[in-house]
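This report introduces a single structure to a reader who has not met it before. Please look over the sequence and the model shown below before reading on.

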Amino acid sequence: MRLLIALLIIIYLVGVGVELAPTIQTKWNSASAADLVASIIQDLPDAMAWPARLARRMSDHSDHI
């Protein structure tokens, strides 16, 4: 059971990282560290909601089949 919970947490955190990757990539070399952190903090709530967006996309896709 602990292994399953750990796996789900890892998948969730990887998904958050994938959602934040474009922000980090665009600001990594061009912005200061403070601007990078501010952008990440601003995008973090949307990034943390990736499972809800995925579920909505999957349900919308299944309606069209």
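## The loop before helix 3

In this predicted model, residue A49 is found in the loop that connects helix 2 with helix 3, the latter spanning residues 50-63. A49 is classed as partly exposed because its relative accessible area is 28%, and partly exposed residues fall between the limits of 20% and 50%.

A49 can also be placed relative to I11. The two residues are separated by 38 positions in sequence, while their C-alpha atoms lie 13 Å apart in space.

## M48 in helix 2

Helix 2 covers residues 33-48, and M48 belongs to it. With a relative accessible area of 41%, M48 is therefore partly exposed.

When residues up to four places away in sequence are set aside, M48 touches Y12 and V16. A further distance locates M48 with respect to K27: the pair is 21 residues apart in sequence, and the C-alpha to C-alpha distance is 20 Å.

## T23 in helix 1

T23 is part of helix 1, which runs over residues 2-27. Is T23 buried or exposed? Its relative accessibility is 13%, so T23 counts as buried, the limit for that class being under 20%.

Beyond its neighbours within four places in sequence, T23 is in contact with L36, S39, I40 and D43. With D43, the side chain of T23 also forms a polar contact of 2.5 Å, side chain to side chain.

## The chain as a whole

The protein chain contains three helices and zero strands. Along the sequence, its pattern reads α-α-α.

How does the radius of gyration of the protein chain stand beside that of a compact globule of 65 residues, and what are the two values? The chain has 15 Å, whereas such a globule would have a value near 11 Å. Along the principal axes, the C-alpha atoms occupy a box of roughly 45 × 35 × 15 Å.

## Surface and charge

Of the 65 residues in the protein chain, 12% are buried; T23, at 13% relative accessibility, counts as buried. The accessible surface of the chain amounts to about 5,400 Å², and carbon and sulfur atoms account for 69% of that area.

The protein chain carries 5 positive and 6 negative charges, and the mean positions of these two groups are 7 Å apart.

Key. Residues are numbered from 1 along each chain as its sequence is written. This is a predicted model: local features need pLDDT of at least 70, side-chain atom pairs count only at pLDDT 80 or more; totals for chains, interfaces and linings use all residues. Side-chain values use heavy atoms; hydrogens and water are left out. Helices (H or I, at least four residues) and strands (E, at least two) are DSSP runs, numbered from the N terminus. Buried means under 20% relative accessible area, exposed over 50%, partly exposed in between (1.4 Å probe, protein chains only). A polar contact is a pair of N or O atoms within 3.5 Å; within protein, one must be able to donate a hydrogen and the other to accept it, and residues adjacent in sequence count only if both atoms are side-chain atoms. Contact means heavy atoms within 4.5 Å. The radius of gyration is taken over C-alpha atoms; the globule rule is 2.2 Å times the number of residues to the power 0.38. Accessible areas come from the Shrake-Rupley method with a 1.4 Å probe; for residues, only the protein chains shown count as cover. Lys and Arg count as positive and Asp and Glu as negative; His and the chain ends are not counted. The place of a charge is taken as NZ of Lys, CZ of Arg, CG of Asp or CD of Glu.
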